[in-house]
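Welcome, and please open the model in your viewer. We will go from stop to stop, selecting a few residues each time and looking at what is there.

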2 protein chains.
Amino acid sequence: MQYFSLEDINNLQHLYKINLINSCSGFKSANLIGTKSKKGIENVAVFSSITHIGSNPPILGFFCRPTTVTRDTYENIKKTGVYTINHIHESNFQEAHHTSAKYDSETSEFDKTSLSSEYKKGCFAPFVEYSPIQIEMKFVGEYTIKENNTILVLGEIQGLYINDKLITQDGFINLSEANVATINGLDGYAFPKLKERLAYQRPKT
Amino acid sequence: MQYFSLEDINNLQHLYKINLINSCSGFKSANLIGTKSKKGIENVAVFSSITHIGSNPPILGFFCRPTTVTRDTYENIKKTGVYTINHIHESNFQEAHHTSAKYDSETSEFDKTSLSSEYKKGCFAPFVEYSPIQIEMKFVGEYTIKENNTILVLGEIQGLYINDKLITQDGFINLSEANVATINGLDGYAFPKLKERLAYQRPKT
């Protein structure tokens, strides 16, 4: 096994370090967050930190650093209270990844990629058209992580749109059938195939 | 597309709801957290919420609900300050999943599964033997999520052990080569194969 102490990690060259630490936690979710400014400028950005926080109420979270390329997403969410989460599909992952480029706030990533915005009843923020799983979110809270000045943004699911053939009888969404991505590190994309669903576990007697 | 409003979701049958909401955020990381109580009882438990928070300093987080089966993990971390994160491998994912069974605090999941503990220099908490990526963590902070009474637990990486053949020249860890799992929902396991690494994106002119 190759070993890196904390001191070794802190002394690594910047790009090596961010590749290493971004891949060491495991596979990540791969989503596009859609928002719109009060002035009407649409924004869409790739995120790999969307995490299930709870089902009752249905809350998802993600981490962002308001000083980086994700600033527009954060500002739009804070000002409008609304955003969408859209799964990245095998057919558009290169386009989705391009949304990580640093465009200014006046430029919509929808105009710089082949991704199209889609509007659904009552939702101010744009969805990503053809995404097999699309979620309307309402901002409900934020926590500043003082250890590194990131922000945990929490939202409550307001509406969930899922391709019909993906939901099984017990509510499980088969993400492999959807051909949605998982992200390895900063830039590696994979499209997993489900191996097995396991049973609910009870203690062995 | 099938549509669920917030009201629809809140009215779903419990199991259907937790399957649906747990799978809607995308693929998740698949890890075993190893801890040991001050009395010396080892604990190991499956987690699907381990998330990269930052690389500088190297911080990972996870969410837990101290009233559930994850209570021993949380208590041990709070009392000893140390834990390990170990990736779930294709050869032991059924055993890893069994750690979700509700054993009492006096019982070690290492005794109820074929998983073996492993100790490395200076680390009080046990690693999971043969895991291709093993991480020594130091507890650095926690945030109570008031929206649903979960806790975000933050730790700093103290040591990183990685199977030699997994690290590429720029620090990227190839998780597919490691045959580590990703989790779909509560109980679906997949072992992704990397499709492509994409380049760093710059704005189109």
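Let us begin with one residue: is E147(A) buried or exposed? Select E147(A) in this predicted model. With a relative accessible area of 18%, E147(A) is buried, because the cut-off for that word is under 20%. Now add K146(A) to the selection: the two side chains form a salt bridge, with 3.1 Å from N to O. K146(A) itself is exposed, at a relative accessible area of 63%.

**Stop 1: a salt bridge between two loops**

Next, select E106(A) and K39(A). Their closest N and O atoms are 3.3 Å apart, and the two residues form a salt bridge. E106(A) sits in the loop between α4 (93-98) and α5 (109-112) of chain A, while K39(A) sits in the loop between β3 (31-36) and β4 of chain A, so this pair ties together parts that are 67 residues apart in sequence. Both E106(A) and K39(A) are exposed. Over all chains, the structure holds 16 salt bridges.

**Stop 2: N43(A) and its surroundings**

Move on to strand β4 (residues 42-47) of chain A and pick out N43(A). N43(A) is buried, its relative accessible area being 4%. What does its side chain make a polar contact with? The partner is the side chain of E109(A), at 3.4 Å. If you set aside neighbours within four places in sequence, the residues in contact with N43(A) include I33(A), D72(A), N76(A) and F110(A).

**Stop 3: F139(A)**

Now go to strand β10 (residues 133-145) of chain A and select F139(A). This residue counts as partly exposed, at 21% relative accessibility. Show V153(A) as well: it comes 14 residues from F139(A) along the chain, and the two C-alpha atoms are separated by 7.5 Å. V153(A) is also one of the residues in contact with F139(A), beyond the neighbours within four places in sequence; among the others are I77(A), Y83(A) and L154(A).

**Stop 4: a buried strand and a buried helix in chain B**

Switch to chain B and select strand β7 (residues 82-87). All six of its six residues are buried, so the strand is largely enclosed by the rest of the structure. Colour its two faces separately: V82(B), T84(B) and N86(B) lie on one side, and Y83(B), I85(B) and H87(B) on the other. Both faces are covered.

Which strands pair with β7(B)? One is strand β3 (residues 31-36) of chain B, joined to β7(B) by four bridges in the antiparallel sense; here N31(B) stands opposite H87(B). Another is strand β10 (residues 133-145) of chain B, which is also antiparallel to β7(B), over five bridges. In that pairing, Y83(B) stands opposite M137(B).

While you are in chain B, select helix α2 (residues 14-23). Eight of its 10 residues are buried, so this helix is largely enclosed by the rest of the structure. Among the buried residues are Y16(B), K17(B), L20(B) and S23(B).

**Stop 5: where the chains meet**

Show both chains together. The contact involves 108 residues of chain A and 108 residues of chain B. About 9200 Å² is buried between chain A and chain B, with carbon and sulfur atoms giving 60% of that area. Select M1(A), F27(A) and L198(A): they supply 9% of the area that chain A buries against chain B, more than any other three residues.

Four salt bridges are found across this interface. One to look at is K195(B) with E90(A), at 3.2 Å from N to O.

**Stop 6: strands that pair across the chains**

Select strand β1 (residues 2-5) of chain A and strand β11 (residues 150-162) of chain B. They run antiparallel and are joined by four bridges, and Q2(A) has I162(B) as its bridge partner.

Then display the open sheet β2(A)-β12(A)-β13(A)-β14(B), whose four strands are listed in order and pair antiparallel. At its edges stand β2 (28-29) of chain A and β14 (194-197) of chain B, each with a single partner strand, so one side of each is left without a neighbour in the sheet. Strand β13 (residues 188-190) of chain A pairs with β14(B) over three bridges, with Y189(A) opposite E196(B).

For the last selection, choose D187(A) and R197(B), a salt bridge whose closest N and O atoms are 2.9 Å apart. The pair crosses from the loop between β12 (182-184) and β13 of chain A to strand β14 of chain B. D187(A) is buried, at 12% relative accessible area, whereas R197(B) is partly exposed, at 29%.

Notes: Residues are numbered from 1 along each chain as its sequence is written. Chains are lettered from A and ligands numbered from 1 in the order in which they are written. This is a predicted model: local features need pLDDT of at least 70, side-chain atom pairs count only at pLDDT 80 or more; totals for chains, interfaces and linings use all residues. Side-chain values use heavy atoms; hydrogens and water are left out. Contact means heavy atoms within 4.5 Å. Buried area is the accessible area (1.4 Å probe) that two parts lose on being put together, summed over both. Two strands pair if DSSP finds at least two bridges between them. Buried means under 20% relative accessible area, exposed over 50%, partly exposed in between (1.4 Å probe, protein chains only). A polar contact is a pair of N or O atoms within 3.5 Å; within protein, one must be able to donate a hydrogen and the other to accept it, and residues adjacent in sequence count only if both atoms are side-chain atoms.
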